[in-house]
Every structure is written in C-alpha cells, then in structure tokens.
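Open the structure in your viewer and keep the selection tool ready. We will go stop by stop.

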Amino acid sequence: MYDSRLLLLCASILTDGNFDEMMDMFSKNISFMNDGLIKKALSIKCKYVTIIDKEYPPELRLVFKPPLVLYYYGDISLGQDFTNNVAIIGSREPSTTGVINTVAIAKHVVDNGYTIVSGLAYGVDYQAQNTAMENNGKVIAVLAGGLDHLYPKEHFRLFEKIKKNGLVLSEYPEGSEPRKERFPFRNRLIAGLSHKIIVTEAKKASGTSTTIGWTSNPFRDVLCVPGAFEEDSLCNSLIRDGCGCLGTMNDLEDELPKKDRFS
C-alpha cells in the first residue's frame with residue numbers, strides 16, 4: 001500500500017500535472033506505480049504540497065479542477081489566508097502611465113501589509129512583483145510550467161528573489177514546459193489565491209480578461225484603474241459593468257486599509 005501523498009505526487013509526474021488524466025486513473029483504479037516513477041518522484045528538487053495536506057492553500061480547493069499537487073519554492077503559508085492576498089495584473093506592454101500606476105499601487109499594497117499575487121509575466125506582472133521585492137513586500141508568483149522552466153527567462157533574477165522571500169508555485173512538475181494553453185488556465189489559481197484583483201491597464205482581448213473570468217464575484221473582487229477614453233480599454237469596460245474604480249490612492253486605501261500583518 002502506497003502513501004497517499006506519494007501516490008498523488010507520482011500521478012502528477014506521470015500525467016504532467018493533467019487533472020483529468022489523474023482523476024481518470026484514480027476512478028478506474030489503474031495501476032501505475034513502479035520503482036522508476038517512485039525514484040523520479042523522490043528526486044524532485046522543489047517542495048510540494050498535495051490537496052490532502054493541511055498546508056495546501058484552502059481557497060484553491062474551490063477552483064475549477066483544483067491541482068492535486070502544487071510544486072513550490074518559498075513560504076507556502078502565504079497561500080493560507082487569501083484575505084491577505086491581492087492580485088495585480090494587466091497588460092504585458094503597458095504604457096508609461098500604466099507602469100507608473102502599477103508601481104505606485106504595488107508599493108501602497110505592500111506598505112499596507114498585503115501580499116501581491118501575479119504571474120511573473122512581462123509588463124504589469126513584473127512591475128508589481130519587482131516593486132514588492134524592492135520594498136520588502138511579499139509576493140506569490142504562479143507559473144504555467146514546471147519550476148525549472150521559467151518563462152520568461154529574463155525574469156530569473158526576480159524569480160530567485162521570490163523563491164527566497166516569497167512563494168513561487170505551479171501545478172506542473174519539474175521538466176514540464178509552459179505551453180500556450182496553460183497561461184489562461186494558470187490564471188484561475190491567481191484568482192483563487194486573491195481576495196482582491198487590481199487591473200492597472202489592459203486591453204479587452206487579453207489574458208487579464210481570463211483571470212477576471214475565474215473570479216467568484218467580479219463586481220466585489222475586481223478593482224480597475226480607469227484608462228484613456230478609448231474603446232479597447234478593459235478597465236473602462238469593467239468599471240462600466242460594475243467593477244470597482246480606483247481613481248485615486250484614497251480609493252485604494254478604502255478598499256485595502258493598512259494592516260499590521262508582519263509585526
């Protein structure tokens with residue numbers, strides 16, 4: 001009889017983290033354990049937590065197809081209380097104004113004691129998470145591939161900082177390369193980990209919109225910085241539909257008051 005955690009870990013490695021394949025194997029009681037697979041599982045470099053562990057982020061048990069195994073580096077406790085976590089997301093090619101707003105908001109968020117969640121992508125993700133690290137804040141970075149396949153590679157230095165002072169996690173085992181379809185699917189974990197989602201700048205047709213789609217209640221959870229007077233602004237569209245508007249820093253203070261989290 002195999003340990004349940006080891007069974008889940010081996011299934012994840014065998015299926016490359018595919019939820020449907022794992023559930024199919026378990027439901028059909030397919031025998032898949034072998035010495036080679038166990039040896040591979042026991043040799044992974046990163047840490048891992050399974051859905052049956054108490055350390056598993058509780059809100060992620062509620063997302064669509066919850067990961068049966070999460071691979072990580074850093075402090076897994078950052079995922080325990082989602083009311084501490086604020087996602088900051090947006091364009092991969094933000095304007096100068098978008099960058100300025102993202103940096104200001106990120107600094108305010110971490111100064112008030114919250115953890116920033118994002119995807120370590122180009123643009124807004126990078127600006128928010130890098131600002132947090134520069135201001136001694138906490139960060140959760142969610143990747144779309146194995147933790148040994150960072151994308152983009154240019155963010156390696158920031159990745160290493162977050163490993164030491166935050167949390168980097170993925171539902172995909174080591175050796176698993178990020179694929180295009182995994183990025184929008186990854187966004188459900190960003191939404192699931194976060195009490196609030198702040199969109200600083202984005203176009204309607206963007207990965208940001210998929211993250212919003214995973215929220216349980218966008219009209220309560222999503223806050224947007226109003227953009228220029230143009231048709232393609234996702235922020236303007238979301239505000240029009242009822243999401244929160246961050247017109248000033250006072251609005252942000254009202255939504256995310258200062259907390260003494262790290263005392």
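**Stop 1: a pair in the sheet**

Select Ile140 and look across to β6, where Leu167 stands opposite. Keep in mind that this model is predicted.

Now show α5. This helix packs on the sheet and touches β3, β4 and β5. The direction of α5 makes about 150 degrees with that of β5.

**Stop 2: the whole sheet**

Colour the strands. You should find an open sheet of 9 strands, with mixed pairing. Trace the order: β1-β2-β6-β5-β4-β3-β7-β8-β9. Which strands stand at the edges? They are β1 (47-50) and β9 (244-245). Each has a single partner strand, so one side of each is left without a neighbour in the sheet.

A general point helps here. Strands of a sheet pair through backbone hydrogen bonds, either parallel or antiparallel.

**Stop 3: strand β5**

Select residues 138-142, which form β5. Is this strand largely enclosed or left open? Of its 5 residues, 4 are buried, so β5 is largely enclosed by the rest of the structure.

Look to one partner, β4 (residues 115-118). β4 and β5 run parallel, joined by 4 bridges. Click Val117: its bridge partner in β5 is Ile140. Then follow the chain from β4 through helix α5 (residues 124-134) to β5. This β-α-β crossover is right-handed.

Next, look to β6 (residues 167-170). It runs parallel to β5, and 3 bridges join the two. Click Val142, whose bridge partner in β6 is Leu169. The chain goes from β5 through helix α6 (residues 156-165) to β6, again a β-α-β crossover, and this one is right-handed.

Stay on α6. The helix lies across β2 (69-74), β5 and β6. It runs at about 105 degrees to β6.

**Stop 4: the nonpolar core**

Show side chains. The largest nonpolar core has 77 residues. Which of them touch the most other members? Select Ile88, Val109, Ile198 and Val199. Helix α1 (residues 4-15) gives the largest share of this core, 6 residues.

Zoom in on Val109. Beyond residues up to four places away in sequence, Val109 touches Val86, Ile88, Tyr114, Ile116, Ile198 and Leu256.

**Stop 5: Ser91**

Finish in the loop between β3 (85-89) and α4 (96-111), where Ser91 sits. Is Ser91 buried or exposed? The relative accessible area of Ser91 is 18%, so this residue is buried, the cut-off being under 20%. Leaving aside neighbours within four places in sequence, the contacts of Ser91 include Tyr122, Gly123 and Val124. Glu201, Ala202 and Thr208 are also in contact with Ser91.

Definitions and conventions:
Residues are numbered from 1 along each chain as its sequence is written. This is a predicted model: local features need pLDDT of at least 70, side-chain atom pairs count only at pLDDT 80 or more; totals for chains, interfaces and linings use all residues. Side-chain values use heavy atoms; hydrogens and water are left out. A nonpolar core is a set of buried Ala, Val, Leu, Ile, Met, Phe, Trp, Tyr and Cys residues joined through side-chain atoms within 4.5 Å. Buried means under 20% relative accessible area, exposed over 50%, partly exposed in between (1.4 Å probe, protein chains only). Contact means heavy atoms within 4.5 Å. Two strands pair if DSSP finds at least two bridges between them. A crossover is right-handed if, with the strands pointing away from the viewer, the path from the first strand over the helix to the second runs clockwise. Axes are lines fitted to C-alpha atoms, for helices over the stretch in contact, and angles run from 0 to 180 degrees between N-to-C directions.
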